[in-house]
Amino acid sequence: MAVLIAARDAATTIGDAVASALAEPQAAEVIVVDDASHDQTGAAAELAARGDTRLKVLRPDRNLGPAAARNLALGATRAPVIAVLDADDVFLPGRLSRLMARDGWDLIADNILFLPEDSFELAADAASADLDGLSALDLAGFVAGNLQGKGQARGELGFLKPLIRREFLKKHGLHYDAGMRLGEDYDLYVRALVHGARFLVSHRPGYAARVREGSLSGRHATADLEALAAAASKHVGLVSGHHAARPALERLAAQVRARLVLRQFLDRKAEAGLGAALALAIAPPSNLGPIARGVLRDKLALRRPAPPPAPRYLLPAQSPSRA
């Protein structure tokens, strides 16, 4: 198995990620792509490995973005199973052996423990959490798990970090869309499920994600949203009009489009003033609703600041305590 870590300016966290991957006996290779970092990300990864020859650090001469960096790592291994690990996250002890013991999958993931940076030490105890259960995700269920409901936050199943069988990717010509820097995982999983991937998910936590103050509301570039909107639109065309997943795919494409239109409105306002932005809002008229709702939502959010991050699981479970 190969663990792929795309990293940029992650010198303060990459050591924990690398150490957690190398602690797993099933990890025959750990491939870090130091994606044109401005800090000592690559050196920090090598220091954490302490001479372990399973670590390989690739250093492209320009910034590729997470999707293209993962493709580079994929091309550097022939391992039959790959696992993706973000540079500020960690595997929980025994994760890979537990997942590999399961049969009948092309992708298999487990629960994610989201932890604020100031309590990340809780990650060490989460692997023994009394949670279990295995379920299968189909395309309709996966997409629905990424939708935003009325008065609710967006679903987060796209954050899952499955193990993926290389043979399945090769058979269907699948890889990350190198042009995406937002939602690249979601996009790959959708295309895999369209091709009939068997996607299993365990509720037992095996992956811990570090959450920084304010990170959940961080702004993405408009070009990133444009690429995600284009991908979501393509996804609709991958299934027939009668496919069970079609309504969810259409809803998600509409929601991403609404986010993009709002961002374009705010960009136009900053660049050319309110008049120019209002012209965009009414041409076409269908822009007006998403923009008005988005502006109102943002104004209400300013009045009700988001609470600081708290420990939580991605899949339904009792939140971990600090005790």
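Two aromatic rings of Phe, Tyr or Trp count as a pair if their centres lie within 6.5 Å. By this criterion the structure, which is a predicted model, holds 6 aromatic pairs. This briefing treats some of those pairs, two charges placed over rings, a strand with two covered faces and a helix with one buried face.

**Aromatic pairs**

- The ring centres of phenylalanine 142 and phenylalanine 199 are 6.2 Å apart and the ring planes stand at 35°, so this pair is tilted.
- Phenylalanine 142 belongs to helix H6 (residues 139–144) and phenylalanine 199 to strand E9 (residues 199–211), so the pair ties together parts that are 57 residues apart in sequence.
- Phenylalanine 142 has a relative accessible area of 0% and is buried; phenylalanine 199, at 1% relative accessibility, also counts as buried.
- Phenylalanine 199 pairs with tyrosine 189 as well: their ring centres are 5.9 Å apart and their planes are at 80°, so this pair is edge-to-face.
- Tyrosine 189 lies in helix H8 (residues 184–194) and phenylalanine 199 in strand E9, so this pair ties together parts that are 10 residues apart in sequence.
- Tyrosine 189 counts as buried because its relative accessibility is 2%, and buried means under 20%.
- Phe142, Tyr186, Tyr189 and Phe199 together form one aromatic cluster.

**Charges over rings**

- Arginine 165 places its charged end over the ring of tryptophan 105, at 3.7 Å from the ring centre.
- Arginine 312 has its charged end over the ring of phenylalanine 114, 4.3 Å from the centre of that ring.

**Strand E4 and its neighbours**

- In a regular strand, side chains alternate between the two faces of the sheet.
- Strand E4 (residues 81–84) is covered on both faces: Val81 and Ala83 are buried on one side, and Ile82 and Val84 are buried on the other.
- Strand E1 (residues 2–7) runs parallel to E4 and is joined to it by 3 bridges; alanine 2 stands opposite isoleucine 82 of E4.
- Strand E8 (residues 163–165) runs antiparallel to E4, and 3 bridges join these two strands.
- Isoleucine 82 has isoleucine 164 as its bridge partner in E8.

**Helix H2**

- The buried residues of helix H2 (residues 41–49) are Thr41, Gly42, Ala44, Ala45 and Ala49.
- Viewed down the axis of H2, these buried residues fall within an arc of 165°, so they line one face of the helix.
- Among the elements that cover the buried residues of H2 are E1, helix H1 (14–22), strand E2 (29–34) and strand E3 (55–58).
- Arginine 50, just after H2, takes a positive phi of about 50°.

Methods. Residues numbered from 1 in each chain as written. Predicted model: local features only at pLDDT ≥ 70, side-chain atom pairs only at ≥ 80, totals over all residues. Heavy atoms only, no water. Buried < 20%, exposed > 50% of the residue type's maximum accessible area, 1.4 Å probe, protein only. Helix = DSSP H or I, 4+ residues; strand = E, 2+ residues; numbered from the N terminus. Pairing = 2+ DSSP bridges. Arc of directions from axis to C-beta. Contact = heavy atoms within 4.5 Å. Phe/Tyr/Trp six-rings, centres within 6.5 Å; stacked < 30°, edge-to-face > 60°. Lys NZ or Arg CZ within 6 Å of the ring centre and 35° of its normal.
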